[in-house]
Each structure stands twice: as structure tokens, then as C-alpha cells.
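Q: Could you take me through one part of this structure slowly, residue by residue, and then show me how that part sits among the rest?

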Amino acid sequence: MVGADLVVLNAGQLLTVSGQSRPRAGRAMRDLGIIEDGYFASLEGVIVDAGPQREFERRVEPLPGATVIDAKGGVVSPGFVDPHTHLVFAGWRAGEFAMRIEGRTYLEIHKAGGGINSTVESTRASDEPTLLSRALERLDECLKWGTTTVEVKSGYGLDTGNELKCLRVVSKAAQVHPAGVVGTFMGLHAVPPEFAGNADGYVDLIVNEMLPAVQQQGVARFADVFCEKGVFTPGQSRRVLVEAGRRGMRAKVHADELAPSGGAELAAEVGAISAEHLMMASDRGLEAMRGAGCVAVLLPGTPFFLGGHAYAPARRMIDMGLPVALGTDFNPGSCTLQVMPVAMTIACTQMRMTPEECFTAATVNAACATGIGDRVGRIERGMAADAVVFDAGDYREIPYRFAANLATCVIKSGRVVARDGVPCWSADGRA
């Protein structure tokens, strides 16, 4: 018998997604390890047991003062992991939303002075406390829908001081907010105005100044690049990722979003943990990713929001055995989505992923794409006690009941951090 300071009882469906801490591929993405009428228990933020409700009394002893949550026959799943966001920024770009409706393309808006550089201007003008306050509000929005871990990229500073400012905000948010926050340096996001027409000169700045500073301050686990026609070439991207790897940051790649760019091939070549977007990736690139153990992070909210764009070929990827993860791509320009269940809905309706594949993609595979698959994304012994209780009789309701927040209780590291769509945490650790 094990002691526990938190127990979740009477789960009509407990989605354990249990097994080894590696990304699932192919048919394995449909196995959610469901325990009908189940429970799980944790101690000091770590799961100590999970199983059928009928075995609870002989296996678990709740400690005095333990938190006991009755799921009332609802669905309990691992907390969602969002492996791709651009959450630290200032300023929204609603005007561009209207421009796209009238037929302007993403690259046309970018070349006209909008796009990423518009957000760069606003973000550079914002101080650290303001950016942190906004970041915490956005993390709360993620949390109340069931997202317990969020990857956050920089990329709206585009000079050394402002990139470090944004990454410090990410680090401070990780210290204050209950959600797990993983930082990614993405200086190679766009060519800033002061380097207009000199992308190679900007790459020099990243390699010679930004990356050493990021390493020195220890504010990023990964480095990402926007390898895309009209933005940065594979050669420029490779140079940044190789130097980042030399400095202890593992690679991620924004790949083949708007056109075939060789991004998927580059991700495989440099041993990237993930390649992301992939709407226009070649079969050769996808096969190379599979061979290199690279996770495909798909962001269906982006083509949905941009309108008229192709979706990533999720069915082909899954059928060929390439591990697929899902994320939101939350950012102020191309996708303002923060809600993982809605990303799952779009993945089901537009990319023909099954609900089971979506849950796997949003939990264990997303965790693996963020380098934390050994700690989060599953409900089993030794894993962090990150979970969501849903007011639903069937797990398929979560993507099916479009835009309804069914999360009645969100748990992070064994602590209740949101109830009925309202965050209930404080910086001093009191829930």
C-alpha cells in the first residue's frame, strides 16, 4: 500500500497513455491505455499508483489532509502539453486579419512592413514587467483549458538585448506560474529592419553574439529557426542550429510551412528533436525525419486561421510511422489559438486524425517533442501528477464538443490549479 496526498477517484475513463517515454507512431497512437472506472494517486507531485477503482482501497492510503477529487464518472487524461507557442509579445495585429480576408498573403503583409516585424516593434518598446504580466495571463488561459506544460519561443526581439529580455520573461514565468514552461531561443524568426537586405549579416549577429549570450544566461533549452523560402535558407538555418548545438541547445525547425523549403530534411540532418508546421514537406523529408527520430509537430490552427492554406498531411505521416504531436502555434499574427482541445478538433475535421491519435499527439508525443517525455504526458507511476478532469462521459467529447471548456479540474504536479474554467493558484504556492 502506498501513501498519497492527492487522489482522483471514479474516473469513468482514465486515459493513462502509459508505456515507454518515447513518442508513439503508427497504430500505437490509437492506444490510450484506458482504464474504465479508474483512479490515480500521487505523493509530493509524483504519481504513485493508478488502476481500477475496485483496487483503490487495498493499494492506496490517503494521508491526513490529502486532496480527494471525485471525477464523478468523467474523463481523466494527462495534462495537455503545448509544444509550440510564441507567447511572449506585445501588441495584437487585428488589422492584418482583415487584410487577409481581403486577399493579402502572409508574405505580402510581411514585405509591406506588417507581420513579425510589427510585433517586434511593439515588443521592443515594452518593458520586462509588462511582458511578464501578459505572459502570465496567457498561461492562465492555457491552464484553464487543461494545458499544464507550454513551450515558449522568443523571436519578437530580434536583437541581443530584446531577445534576452523575452527569454528572461520566459524564465521568470516558469518560476512563478504553475504550468511547466520550456524556453526556446528563436532569434532566426525574421530579418529585423536594421538588417533589411542583409540576412547573412543578421545570422552573423546570432552566431557571434546572441547565442553566446543565451548560453551564458541559461535561458533556453532549444533553438528554433524559420527555415522558409523568402525568410531564411537551409544554409543560414543550419549555421545557427549547428552553433546552438555546440552551445548545448537542441534544434527545432519551423519547416516547410508556406512552401517546400528543405526544412524537414534539415531537421533530420541536424538531429532536431522536432520539425514544426510541415504543411508543404516533401516525402523525402518526412522519411528522413522518421529515420532520425524527429517528431512532427503539427499546428492545424494556423492554416485554419490563415484561410486557404493546405493542412499538414497528418494521415500520411501517421501511416508511414512518423510520430505526430499537436500544438497551438499561439502568436499574434498567424494563429491566436491558445486552446489545445480546439487544435484537436481541427486536427480531427481537417487532417483526419482520430480522437485517439489527437490525445496521444497532445500528451505523450507533445511531451517528447519538448524533451520532457520521461516526466510528463502519461498517467503512471513515476510521472508528474499533471492531469485534467473533464465533465464528459466519453473522451471523444473533448474534440467533438467544439470550443466548450469541459475541464472541471486541472492538476499540475499534484496541486489543483484550475477549477471550472477559473485558475486558482497563487505565486506563494497556495491553491
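A: Asp-386 is buried in this predicted model, because its relative accessible area is 3%, and buried here means under 20%. In the chain, Asp-386 lies in the loop between helix H15 (364-369) and strand E14 (387-390). If residues up to four places away in sequence are not counted, Asp-386 touches Ser-77, Pro-78, Gly-79, Thr-148, Thr-149, Val-376, Ile-411, Lys-412 and Ser-413.

The next step is to follow the chain into strand E14. Both faces of this strand are covered, with Ala-387 and Val-389 buried on one side and Val-388 and Phe-390 buried on the other. Strand E14 is joined by 4 bridges to strand E5 (residues 75-78), and the two run antiparallel; within this pairing, Val-389 of E14 is the bridge partner of Val-76. Another 4 bridges join E14 to strand E15 (residues 407-412), again with an antiparallel run, and here Val-389 stands opposite Cys-409. Val-389 is therefore a residue to keep in view, since it is buried on one face of E14, has Val-76 as a bridge partner and stands opposite Cys-409 in E15.

Cysteines invite the question of disulfides, and a search of the whole structure finds 0 of them. Cys-409 is in no disulfide, for the nearest cysteine sulfur, which belongs to Cys-424, is 7.4 Å away, whereas a disulfide requires two sulfur atoms within 2.5 Å. Cys-409 is buried, with a relative accessible area of 2%. Elsewhere, Cys-227 counts as buried at 0% relative accessibility.

Two residues of this region also lead to the nonpolar cores. In soluble globular proteins, nonpolar side chains tend to be buried together. The largest nonpolar core here has 107 residues, and those with the most contacts inside it are Leu-278, Met-289, Leu-298, Met-317, Leu-326, Met-353 and Phe-390, so Phe-390, which is buried on one face of E14, is named in that list. The largest share of this core, 10 residues, comes from helix H7 (residues 199-217). A second, separate core of 19 residues includes Ile-35, Phe-40, Ile-47 and Val-76, and Val-76 is the bridge partner of Val-389 in E14.

Leu-326 gives a view of the largest core from another place. Leaving aside neighbours within four places in sequence, Leu-326 is in contact with Val-81, Pro-83, Leu-298, Pro-300, Met-340, Met-344, Ala-347, Met-351, Met-353, Cys-358, Ala-361 and Ala-366. Among these contacts, Leu-298 and Met-353 are also listed with the residues that have the most contacts inside the core.

A further sheet can now be added to the picture. Here 8 strands form an open sheet with parallel pairing, in the order E6-E7-E8-E9-E10-E11-E12-E13. Strand E6 (80-82) and strand E13 (324-326) stand at the edges, and because each has a single partner strand, one side of each is left without a neighbour in the sheet. From one strand to the next, the twist averages 25°. Strand E12 (residues 295-298) is joined to E13 by 3 bridges and runs parallel to it, with Ala-296 having Val-324 as its bridge partner in E13.

Finally, charged side chains pair up in several places, and the structure holds 29 salt bridges. In one of them, the side chains of Arg-59 and Asp-49 meet with N and O 2.7 Å apart. This pair links distant parts of the chain, with Arg-59 in helix H1 (residues 56-59) and Asp-49 in strand E3 (residues 46-52), 10 residues apart. Arg-59 counts as buried at 18% relative accessibility, and Asp-49 is buried as well, with a relative accessible area of 2%. A salt bridge also joins Lys-172 to Glu-128, where the closest N and O atoms are 2.7 Å apart; Lys-172 belongs to helix H6 (residues 160-176) and Glu-128 to helix H5 (residues 128-144), 44 residues apart. Lys-172 is partly exposed, with a relative accessible area of 36%, whereas Glu-128 counts as buried at 16%. Through shared partners, salt bridges join Asp-49, Glu-55, Arg-58, Arg-59 and Arg-381 into one network.

Terms used. Residues are numbered from 1 along each chain as its sequence is written. This is a predicted model: local features need pLDDT of at least 70, side-chain atom pairs count only at pLDDT 80 or more; totals for chains, interfaces and linings use all residues. Side-chain values use heavy atoms; hydrogens and water are left out. Buried means under 20% relative accessible area, exposed over 50%, partly exposed in between (1.4 Å probe, protein chains only). Two strands pair if DSSP finds at least two bridges between them. Axes are lines fitted to C-alpha atoms, for helices over the stretch in contact, and angles run from 0 to 180 degrees between N-to-C directions. A salt bridge is a side-chain nitrogen of Lys or Arg within 4 Å of a carboxyl oxygen of Asp or Glu. A nonpolar core is a set of buried Ala, Val, Leu, Ile, Met, Phe, Trp, Tyr and Cys residues joined through side-chain atoms within 4.5 Å. Contact means heavy atoms within 4.5 Å.
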